[in-house]
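Got the viewer open? Let's take a short walk through this one, picking selections as we go.

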Amino acid sequence: AFACFIIIALIRLQPFNDRVYFPKWYLKGLRSSPAGSGALTKFVNLDIWSYLTFLNWMPDALRMPEPALIEHAGLDSAIYLRIYLLGLRFFVPIALFAFAILVPVNWTNNTLEQSKLTFSDIDKISISNIPEGSPRFWTHIVMAYAFTFWTCYSLHKEYELVASMRLHFLATEQHRPDQFTVLVRNVPSDPDESVSELVDHFFLVNHPDSYLTHQVVFNGNKLSALVKKKEKAQNWLDYNQLRYSHNQSKRPTTKTGFLGLWGDRLDSIDYYTSEVDKLSKEIEAEKQKMTKNPKYIMPAAFVSFKSRWAAAVCAQTQQTRNPTLWLSEWALQSRGMYTGTT
């Protein structure tokens with residue numbers, strides 16, 4: 001385990017992993033990509049001093065105030081450090097009381113010395129050195145209850161504090177749409193109402209005070225394929241524009257055939273620009289087709305509520321007597337789906 005810890009700590013120092021281990025710093029603009037003069041320095045950290053001080057972050061993290069640690073590394077990091085503090089709170093008092101009370105009670109007997117058993121000095125401070133039926137066993141029973149009470153009390157106080165920290169963290173973080181939204185599946189069919197009308201009517205009746213709005217789900221398999229093709233073309237466009245910015249004496253070219261091995265040779269920037277524009281038009285046309293054709297509508301909808309509490313209640317409760325209809329669960333984050341702005 002220690003070897004794995006050392007390996008991970010050394011990997012963290014390498015420049016190509018910088019964005020993996022410090023993403024929040026990059027988002028806040030507090031850190032930039034490591035600069036290097038050669039190709040090797042882009043992948044390998046050649047600073048010897050950083051390898052000698054690679055564990056300096058540990059005492060710094062322990063000395064950092066808890067609110068600053070949460071702001072810097074997140075709530076999980078603060079909870080992780082509290083696990084170690086909880087361990088100290090468990091075992092330090094237990095060890096002190098055990099050495100102050102139990103060890104003298106066990107040591108002052110001569111049961112093992114009078115027996116024919118082979119024993120060591122460690123055995124003399126254990127419960128095996130107390131004779132059978134001795135009233136000194138009550139000391140162990142009382143201390144066992146005391147240790148159990150202290151452990152349960154410490155766990156109760158720690159869980160109470162962690163729950164308070166989590167609630168405060170959730171209350172102060174930036175609100176996201178998915179925190180107010182529930183995905184409802186298996187909407188029953190109705191010959192007199194559309195899926196949208198049925199969802200709206202159902203939640204106006206069952207959640208009149210908290211229901212806000214809804215959005216039906218469409219079958220977007222074809223749209224998904226078009227979006228992926230556009231993202232791929234956009235990546236190639238960005239790559240070729242970056243190549244051209246480094247060497248403007250020659251514009252990059254590409255072949256339009258399979259894997260770029262054959263076909264007409266065209267200007268890469270112009271070709272991928274036209275591909276992105278063409279796919280954008282196809283995506284818009286597919287969106288219009290989806291919204292107008294009822295065959296694309298799925299028996300599901302995203303339902304939004306006025307409060308996070310109402311969304312949580314809906315996501316975690318059964319909506320009807322039939323457990324196979326109106327199934328509710330937390331909605332995905334917006335990056336996990338295709339919306340009208342995709």
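**First stop: the pocket lining**

Keep in mind that this is a predicted model. Start with the lining of the largest pocket and colour it by residue type: you should get 25 nonpolar residues, seven polar and six charged. The space inside that pocket comes to about 1,400 Å³. To land in the middle of it, select R12, F22, W57, M58 and A61, which are the closest to the pocket's centre among the 38 lining residues.

Now switch to cartoon and see which helices build the wall. Highlight α1 (2–12), α2 (18–21), α3 (23–28), α5 (57–63), α6 (66–73) and α7 (75–107); at least two lining residues come from each of them.

**Next: colour by domain**

Give each domain its own colour: domain 1 is 1–63, domain 2 is 75–172, domain 3 is 177–219 + 297–330, and domain 4 is 221–292. Go back to the largest pocket with those colours on, and you'll find that domain 1 and domain 2 each put at least three residues into its lining. Then zoom out to take in domain 1 and domain 3, whose C-alpha centres sit 46 Å apart.

**Last stop: H207**

Select H207, in the loop that runs between α11 (195–206) and β2 (211–218). Is H207 buried or exposed? Its relative accessible area is 14%, and since the cut-off for buried is under 20%, H207 counts as buried. To see its company, show F305, C314 and Q319 as sticks: H207 touches these three, leaving aside residues up to four places away in sequence.

Key: Residues are numbered from 1 along each chain as its sequence is written. This is a predicted model: local features need pLDDT of at least 70, side-chain atom pairs count only at pLDDT 80 or more; totals for chains, interfaces and linings use all residues. Side-chain values use heavy atoms; hydrogens and water are left out. Helices (H or I, at least four residues) and strands (E, at least two) are DSSP runs, numbered from the N terminus. Buried means under 20% relative accessible area, exposed over 50%, partly exposed in between (1.4 Å probe, protein chains only). Contact means heavy atoms within 4.5 Å. Domain bounds come from an automatic or database domain assignment. On a 1 Å grid over the protein atoms alone, a cavity is a set of points where a 1.4 Å probe fits but cannot get out, and a pocket is an open set with protein on both sides within 12 Å along at least five of seven lines; lining residues have an atom within 4 Å of a point. Grid points are joined across faces, edges and corners, and a volume is the space filled by probe spheres set on the points. Ala, Val, Leu, Ile, Met, Phe, Trp, Tyr, Cys and Pro count as nonpolar, Asp, Glu, Lys and Arg as charged, and the others, Gly among them, as polar.
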